[in-house]
Amino acid sequence: MLQGVREWNVQLVNSIMGQKDARYILNIRLSSTMSQDTPVWNYTSTGEYSVKSGYHLCNQLSTIQRPGQKENRELTVDLKKCCSSIWSLSISPKIKTFWWRIMHDGLPVAENLRKRNIKIDHACQTCGEHPETQDHMLFQCRVAKEIWALAPTRFGNEEEVQPQSHQNVRVLISLAKRDKRELLSFYIGWRLWKMRNNLVFQRKREHIVKVIYDAVRYFEQWEEANIKFNQEEGEKMRRKGQNPQDQETVPPCTQYFCCVDASWKDDKEVAGVGWSLHGIQGNQLIQRSSSTNPTNTPREAETEALRMAVRQMRALATIVKVRNTESISMVQDIVDTSKTNGFTFTYVPRSSVMLVDELAKKARCNNQNYVITWF
Ligand SMILES: [Zn+2]
């Protein structure tokens, strides 16, 4: 950076960085209030890392196809479809997690433990006739087959058990989609695993009728709890009278509000920013728009628009409501600038800021200089 003027040293950045990185760096807006840099995780709205967001990012990256990986990719896509179907089923979260583990071959059955070099008896604990794999434990073991045949589900009766877990899970999902009662199968599979664990860890052998009975009991308990929960939630919403998301968030003493938006195409071309100031009745008082230097992301362009609006609102010494958006260090500038002015921020959907959206788009497309209009 150049000393004292808070600007990038363009010459220096260009001389030591590659073209692409230099452009990226020069697109970063510098803080005008000298706020400190802080690490930010770009994949959550709060900027804080969460395991969930890390997992989603990992998933996205794994679908990027590399040469010669067509088959694997298709398999991954199929697996993902199955997994997302499991998450959307109306079953208890612990049962969903259990089946998700099955889809990822993650149950600690004897074969999986041996893969991790744990010395353990390889035989199925229930029948003792075959190696204990996930497939065997859940679907192929003669005890499991007896349970599936006796359970009040179509799977194992009208629908035959398939040779592989993934095929069977697909069948279970499609049956459950057609008939909600078939969700019971997911509880049967889970109780089969519990039956195996009780035998391994507590030396207790469960009768197959008890396995089915327990599955039915858990299934019914979950269904009842779910119905009750939905009724209570519905009642709460009715009492509130409207969706809380739609509730107006303008503080009671507000006199003016300002809508802000930006238009962004890519990190090479200029972006557009626009804002319009309104009286609380909705009458428009001022509008401004301009093109601005490229930013790396649409979020930064939006933040730049917000920063510009807040600065100018402060200059106009008005109390405003501004469309909130999210970005990195510029946010601190906005907070600092608006601190002493009683500004409040709220997010509104794009459909509510069509006017400024259009202003910003025009400014970007025409590479337009600053335009201000008073009404
Ligand atoms: Zn067996």
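Start by selecting Q11. This residue is exposed, because just 9 other C-beta atoms lie within 10 Å, and a residue counts as exposed at 12 or fewer. The model you are viewing is predicted.

Widen the selection to residues 10-16. This is helix α1, and Q11 lies in it. Now add A22. It sits 11 residues from Q11 along the chain, and the two C-alpha atoms are separated by 9.9 Å.

Zoom out to the whole protein. The secondary structure comes to 14 helices and 6 strands. Of the 375 residues, 28% are buried. Take the contacts with a separation of 6 or more: 60% of them join residues 24 or more positions apart.

Next, select residues 93-103 and residues 165-178. These are helices α5 and α9, which pack at an angle of about 145°. Their axes are 10 Å apart. Which residues meet here? On the α5 side, show W99, I102 and M103. On the α9 side, show S165, H166 and V169. The residues of this contact divide into 4 nonpolar and 2 polar, with no charged ones.

Move on to residues 256-263, strand β1. Is this strand largely enclosed or open? It is largely enclosed by the rest of the structure, because 7 of its 8 residues are buried. A residue counts as buried when 20 or more other C-beta atoms lie within 10 Å of its own.

Add residues 271-279, strand β2. Strands β1 and β2 run antiparallel, joined by 8 bridges. For one pair to finish on, select F257 and its bridge partner in β2, H278.

Terms used: Residues are numbered from 1 along each chain as its sequence is written. This is a predicted model: local features need pLDDT of at least 70, side-chain atom pairs count only at pLDDT 80 or more; totals for chains, interfaces and linings use all residues. Axes are lines fitted to C-alpha atoms, for helices over the stretch in contact, and angles run from 0 to 180 degrees between N-to-C directions. Helices (H or I, at least four residues) and strands (E, at least two) are DSSP runs, numbered from the N terminus. Two residues are in contact if their C-beta atoms, placed from the backbone, lie within 7 Å. Ala, Val, Leu, Ile, Met, Phe, Trp, Tyr, Cys and Pro count as nonpolar, Asp, Glu, Lys and Arg as charged, and the others, Gly among them, as polar. Two strands pair if DSSP finds at least two bridges between them.
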